[in-house]
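Biologist: Got a minute to walk me through this fold? Show me the structure and I'll ask as we go.

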Amino acid sequence: MSTLRSFDPSNADQLSNWDGDTGAFWADNADRFDTGVAAYREPFLAAAAIEEPATVLDVGCGSGQLTRDAARLATEGSALGVDLSSRMVELARGRARGEQLANVAFEQADAQIHPFARDHFDLVISRHGSMFFGDPVTAFSNIARALRPGGRLVLLTWQSFERNEFMRAVLTALAAGREVPAPPVDAPSPVALSDPDRVRSLLGAAGFADVRLEGLSEPMDLGADTDAAFAHLCGIHAGMLRDIDPQTRDRALDNLRASVAEHHTERGVRYDSAAWLIQARCG
């Protein structure tokens, strides 16, 4: 059970997940998750354009790879990473110590309500960490208050479920003939910021201007071989397999093995993915 005391009630389920079994799984497999989205790292950092004196906030920092990238670029500034997962925050701190980065810090916090210093940050970044707010307008308004006037917001979010083969194909396989549980587009989920009109509306209501979305498409690297990818995907989607009858479970696992085999390439198991690179300015 999480010990984080200051969180918005609308994020209670997310806190339970990310500071519970889900966060523990992500911490235990942090390198695998970072490798999975590695193709997005360079274009994201290029868009962030972090300057040496910048003060940077990384929302939903996970194990802190991008936060540490920001700290290395902001040599005269600093980087702060926040996340709901205490396990991932501790992992991020340990990795920063190992890399001898003195200008980076990590804190377990709910960015929706956390009392960030007002007008403090030059840049807020989030790689796939901004889609899970219970009240996104409140969350982005809080983030906007933490940005100095003219400060920038750079997000990476997933495009629609249909555009992301790594979601669609895997969930279809595990559904084993049942209805495919597509994630909601108007509630906390991986595709909550997939609709450009919704993104513009939410960010505009929170005080951001000049909202721009650029579509990116890169392969998702899910494992070096079929066994590794199969085990990783079973871990991610353990909830879909937990409460079904043995026959359906066997069929779902057979389907998943077949899907993984179909996506095995010389460079490992790869599925197509599509993301939005979102940029905005604090009005």
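Modeller: Here is a quick tour, from the whole chain down to single residues.

Modeller: One caveat up front: this is a predicted model.

Biologist: Fine. How many helices and strands does the protein chain have?

Modeller: There are 12 helices and eight strands. The radius of gyration is 19 Å, close to the 19 Å from the globule rule for 283 residues, so the protein chain is as compact as a globular protein of that length.

Biologist: And what does the C-alpha trace span along its principal axes?

Modeller: About 55 × 40 × 35 Å.

Biologist: What share of the residues is buried?

Modeller: Buried residues are 53% of the 283 in the protein chain. On the outside, the protein chain exposes about 12,900 Å², and carbon and sulfur atoms supply 49% of that.

Biologist: What about contacts between residues at least 6 apart in sequence: what part joins residues at least 24 apart?

Modeller: That part is 78%.

Biologist: Charges next. How many positive and negative side chains are there?

Modeller: The protein chain carries 27 positive and 40 negative side chains. The centres of the two sets lie 2 Å apart.

Biologist: Let's go to helices. Which residues of α2 are buried?

Modeller: In α2, residues 21–28, the buried ones are G23, A24 and A27. Seen down the axis of α2, they fall within an arc of 100 degrees, so they line one face of the helix.

Biologist: What do the buried residues of α2 pack against?

Modeller: Three helices: α1 (12–18), α3 (30–36) and α6 (86–98).

Biologist: R87 caught my eye. Where is it?

Modeller: R87 sits in helix α6. Its relative accessibility is 39%, so R87 counts as partly exposed. Beyond its neighbours within four places in sequence, R87 is in contact with D19, G23, A24, A27 and D28.

Biologist: How far is R87 from V137, C-alpha to C-alpha?

Modeller: They are separated by 27 Å, with their positions 50 residues apart along the chain.

Biologist: Switching to α8. Is it mostly covered or mostly open?

Modeller: Mostly covered: nine of the 11 residues in α8 (165–175) are buried. Among them are F166, M167, V170, L171 and L174, and E165 is on the list too.

Biologist: What covers the buried residues of α8?

Modeller: The cover includes the strands β5 (147–158), β6 and β8 (268–282). It also includes the helices α10 (226–236), α11 (238–242) and α12 (246–262).

Biologist: Anything about the backbone just after α8?

Modeller: A176 comes there, with a positive phi of about 50 degrees. Most residues other than glycine have a negative phi.

Biologist: What phi do Q100 and D210 have?

Modeller: Q100 has a positive phi of about 55 degrees and is not a glycine. D210 also has a positive phi of about 55 degrees, again without being a glycine.

Biologist: Where is Q100, and is it buried or exposed?

Modeller: Q100 lies in the loop between α6 and β3 (104–108). Its relative accessibility is 72%, so Q100 counts as exposed.

Biologist: And D210?

Modeller: D210 belongs to strand β6, residues 208–223. At 48% relative accessibility, D210 counts as partly exposed.

Biologist: Now I143. Buried or exposed?

Modeller: Buried, at 1% relative accessibility. I143 is part of helix α7, residues 136–146.

Biologist: What does I143 touch?

Modeller: Leaving out residues up to four places away in sequence, I143 touches V59, A111, V124, F133, L153 and F208. G77 is another matter for distance: its C-alpha is 19 Å from that of I143, at 66 residues apart along the chain.

Biologist: Last one, P53. Where does it sit?

Modeller: P53 is in the loop between α4 (41–48) and β1 (55–59). At 48% relative accessibility, P53 counts as partly exposed.

Biologist: How far apart are the C-alpha atoms of P53 and E76?

Modeller: They are 4.5 Å apart, although the two residues are 23 residues apart along the chain. P53 touches E76, and also G77 and D122, with residues up to four places away in sequence not counted.

Terms used: Residues are numbered from 1 along each chain as its sequence is written. This is a predicted model: local features need pLDDT of at least 70, side-chain atom pairs count only at pLDDT 80 or more; totals for chains, interfaces and linings use all residues. Side-chain values use heavy atoms; hydrogens and water are left out. Helices (H or I, at least four residues) and strands (E, at least two) are DSSP runs, numbered from the N terminus. The radius of gyration is taken over C-alpha atoms; the globule rule is 2.2 Å times the number of residues to the power 0.38. Buried means under 20% relative accessible area, exposed over 50%, partly exposed in between (1.4 Å probe, protein chains only). Contact means heavy atoms within 4.5 Å. Accessible areas come from the Shrake-Rupley method with a 1.4 Å probe; for residues, only the protein chains shown count as cover. Lys and Arg count as positive and Asp and Glu as negative; His and the chain ends are not counted. The place of a charge is taken as NZ of Lys, CZ of Arg, CG of Asp or CD of Glu. The arc is that of the directions from the helix axis to the C-beta atoms.
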